[in-house]
Amino acid sequence: MVNGGSIDRAVRPSGTGCVECLATDGWWFHLRRCARCGHIGCCDSSPSQHASRHAKERDHPLVQSFEPGEDWFWDYTTNQYYDGPALAAPTDHPLEQPVPGPRGRVPPDWERHLH
């Protein structure tokens, strides 16, 4: 672990989609990966905002984008972007996974539900 225990470079992501949305038939706009434990949650633009909820409840303030082609980190305590180390693969959701996702759960008027 580096950065005061906020990042564990070896931990793998919890899956390919938001853990809570998948468990509750929800949907997401973009995905974020907890840099400490690998939890995949939905972004703050998503209806349920599970990534920031996880960060607050678990005191895991750093997330990395889990979107293809993005490697930036966000610190929820400072509300700032952060350049961090490479994390264990995979570093993003599968390319065939739609955005928003998951397939079959996104309402036709999904844009109206974003924050």
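What follows is a walk through the predicted model of this protein, from its overall build down to single residues.

Start with the big picture. The protein has two helices and five strands, and from the N terminus on these elements run α-β-β-α-β-β-β. Its radius of gyration is 13 Å, close to the 13 Å that the globule rule gives for 115 residues, so the protein is as compact as a globular protein of that length. Taken along the principal axes, the C-alpha atoms fill a box of roughly 45 × 25 × 25 Å. Of the 115 residues, 43% are buried. As for how the chain meets itself, take the contacts between residues at least 6 apart in sequence: 58% of these join residues at least 24 apart.

On the outside, the protein exposes about 6,300 Å², and carbon and sulfur atoms supply 48% of that area. The charged side chains come to 11 positive and 15 negative, with the centres of the two sets 4 Å apart.

Side chains of opposite charge can pair when their charged atoms come close. Here, the structure holds two salt bridges. One of them links Arg105 with Asp25, and the closest N and O atoms are 3.6 Å apart. Arg105 sits in the segment after β5 (80-82) and Asp25 in the loop between α1 (19-23) and β1 (31-34), so this pair ties together parts that are 80 residues apart in sequence. The two partners differ in how they meet the surface: Arg105 is partly exposed, with a relative accessible area of 27%, whereas Asp25 counts as exposed at 58%. The other bridge joins the side chains of Asp109 and Arg112, at 3.0 Å from N to O. Asp109 is partly exposed, at 30% relative accessible area, while Arg112 is exposed, at 70%.

Now for the helix α2, which covers residues 50-58. Its buried residues are His50, Ala51, Ser52, His54 and Ala55. What do they pack against? The buried residues of α2 pack against α1, β1 and β2 (40-42). Right after the helix comes Asp59, with a positive phi near 55 degrees. Just ahead of α2, in the loop that leads there from β2, is Ser45. Ser45 is partly exposed, with 26% relative accessibility. Setting aside neighbours within four places in sequence, Ser45 is in contact with Phe29, Leu114 and His115. Arg12 is another matter: the C-alpha atoms of Ser45 and Arg12 are separated by 24 Å, with their positions 33 residues apart along the chain.

Strand β3 (residues 62-65) offers two residues worth a look, and Gln64 is one of them. Gln64 is buried, at 5% relative accessibility. Apart from neighbours within four places in sequence, Gln64 is in contact with Arg32, Arg33, Asp71, Trp72, Phe73 and Leu87. Leu62 also lies in β3, and this residue is buried too, with a relative accessible area of 2%. Leu62 and Ser6 are 56 residues apart in sequence, yet their C-alpha atoms are 6.5 Å apart in space.

The backbone has some quirks as well. Most residues other than glycine have a negative phi, and most peptide bonds are trans. Against that background, a cis peptide bond joins Ala89 and Pro90, with omega at about 0 degrees. The bond from Gly101 to Pro102 is cis too, again with omega near 0 degrees. Pro90 is found in the segment after β5, and so is Pro102.

Phi gives further cases beyond Asp59. Asp25, already met as the partner of Arg105 in a salt bridge, has a positive phi of about 60 degrees although it is not a glycine. Asp25 belongs to the loop between α1 and β1. Asn79 is another such residue, with phi near 55 degrees. Where is Asn79 found? Its place is the loop between β4 (73-75) and β5, and Asn79 is exposed, with a relative accessible area of 52%.

Notes. Residues numbered from 1 in each chain as written. Heavy atoms only, no water. Salt bridge = Lys/Arg side-chain N within 4 Å of Asp/Glu carboxyl O. Helix = DSSP H or I, 4+ residues; strand = E, 2+ residues; numbered from the N terminus. Buried < 20%, exposed > 50% of the residue type's maximum accessible area, 1.4 Å probe, protein only. Rg over C-alpha atoms; globule rule 2.2 N^0.38 Å. Contact = heavy atoms within 4.5 Å. Areas by Shrake-Rupley, 256 points an atom, 1.4 Å probe, with all protein chains shown as cover. Lys, Arg positive; Asp, Glu negative; His and termini not counted. Charge placed at Lys NZ, Arg CZ, Asp CG, Glu CD.
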